[in-house]
Amino acid sequence: MPSTTRPSRLRLGFAGALAALLVAAGTAGGPAAQAGEQHRAKTLGDLAQRHGRYFGSATDNPVLTDTAYTKILGHEFGMITPGNSMKWEATEPRQGVFDFTKGDEVVEFARANRQKVRGHTLVWHNQLPGWLTSRQWTADELRTVLKNHIQTEVRHYRGKVYAWDVVNEAFNEDGTWRESLFYKTLGPGYIADALRWAHEADPKAKLYVNDYNVEAVGPKSDAYYALAQQLKAQRVPLHGFGLQAHLALQYGYPTTLEDNLRRFARLGLDTALTEVDVRMLLPATEEKLAQQADWYRDLTKACLAVRRCVGITVWDWTDKYSWIPEFFPGEGAALPWDEQFAPKPAYHAIRDALKRR
Ligand code: XIL
């Protein structure tokens, strides 16, 4: 859609439109005014906000001491996700003993920078405390433990967390249920229970289920589609579907991403790209970085094309603090800024996509 047909332009009227044309043609205002114009919308967060979307980043507590890093983190993004500090092992290290210090630190950082927060994550098979995984639980016991964990954490962050990844990574690649502690002990009903308990504790928070390898239409995203249909029919408080989008150049781009986002929107759900990175086999070459930029551009465009895709979060913003090299040896260079905090082609590609339309 050409920008001149957007309602905001129409409302400018003739004088405003003329002024806008003159500025666009470079005949009014001069370089200083143009620089000012660029300055007002120079962050990814600002540009996304013009579309009614957010652009966010994950972060982790140890790196909050790097002031060159926090300067960009606090400035560039409208949404923050704690990469680790709201997970179960961090928040309930001993049964019934909660520790929100690290999560609070991230929330405080976001508040100070007028950023929103995505809470990550309440129910997941990874990064669970030893007390929870090292013994057997009856269904009744585990239900009590799970409800207490969810409600204590969600209550603690009530009004401070915009959206929760309530359940993370519930399905296998083929769309069958992941045999997690929760599934094995409680059956698939644990998802509806978790959502209801979270909703009770903070009725205003948006509640998501979240997973990786669900960007394309396929068995795994189909499983979420069926689950979402069911939960909606049962009036379970599910508001969004999070697509982590940990992509890798060697596995190909999920070309059905936009269609996939659209089908969840039609179910009445928000969608979000929640943990984006695009890794590659090292060393990074100019060619790979260019391809990576194309992918970042395409996924940004896909989100902007679907009204209910509410935002994009990168899983940290600089290659210096990416989780990829540690978890995928030999791979890396996955984020839009390099290890020296210099913007990569991917950064410019995201900007281009956000500036369009
Ligand atoms: C990762 C963190 O970034 C690492 O620091 C941690 O050691 C392991 O977890 N999917 C998720 C995230 O939902 O929670 C994971 O985060 C990355 C994969």
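**Figure 1. Pro-283 sits in the loop between β8 and α14.** This close-up comes from a predicted model. Strand β8 covers residues 270–281, and helix α14 covers 286–305. Pro-283 belongs to the loop that links the two. A cis peptide bond joins Pro-283 to Leu-282. Omega for this bond is about 5 degrees. Most peptide bonds are trans.

**Figure 2. A cis peptide bond joins His-120 and Thr-121.** Here omega is about 0 degrees. Thr-121 has its place in strand β3, which runs over residues 116–123. His-120 also appears in the ligand view, as one of the residues that come nearest to the ligand.

**Figure 3. Gln-127 has a positive phi.** The angle is near 50 degrees. Gln-127 is a residue other than glycine. Most residues of that kind have a negative phi. Where is Gln-127 found? Look in the loop between β3 and α8, the latter spanning 130–133.

**Figure 4. A shell of 13 residues lies around the ligand.** Which of them come nearest? They are Asn-84, Lys-87, His-120, Glu-275 and Trp-315. By type, the shell divides into six polar, four nonpolar and three charged residues.

**Figure 5. Side chains of Glu-275, Trp-315 and Glu-169 make polar contacts with the ligand.** Glu-275 places a polar side-chain atom 2.8 Å from an oxygen atom of the ligand. For Trp-315, a polar side-chain atom lies 2.9 Å from a ligand oxygen atom. At Glu-169 the ligand atom is a nitrogen. That nitrogen is 3.4 Å from an N or O atom in the Glu-169 side chain. How much of the ligand does the protein cover? On its own, the ligand has 410 Å² of accessible area, and the protein covers 84% of this.

**Figure 6. Helices α12 and α13 come within 10 Å of each other, axis to axis.** Helix α12 spans residues 219–233, and helix α13 spans residues 257–266. Their axes cross at roughly 10 degrees. Angles under 35 degrees count as roughly parallel, so α12 is roughly parallel to α13.

**Figure 7. Residues of α12 meet residues of α13.** From α12 come Ser-221, Asp-222, Tyr-224, Tyr-225 and Ala-228. From α13 come Asn-260, Arg-263 and Phe-264. What types of residue make up this contact? Four are nonpolar, two are polar and two are charged.

Technical notes. Residues numbered from 1 in each chain as written. Predicted model: local features only at pLDDT ≥ 70, side-chain atom pairs only at ≥ 80, totals over all residues. Heavy atoms only, no water. Axes fitted to C-alpha atoms, helices over the stretch in contact; angles between N-to-C directions. Helix = DSSP H or I, 4+ residues; strand = E, 2+ residues; numbered from the N terminus. Parallel < 35°, antiparallel > 145°, perpendicular 65-115°, else oblique. Contact = heavy atoms within 4.5 Å. Nonpolar A, V, L, I, M, F, W, Y, C, P; charged D, E, K, R; others polar. Near = heavy atom within 4 Å. Polar contact = N/O pair within 3.5 Å; in protein donor to acceptor, adjacent residues only side chain to side chain. Areas by Shrake-Rupley, 256 points an atom, 1.4 Å probe, with all protein chains shown as cover.
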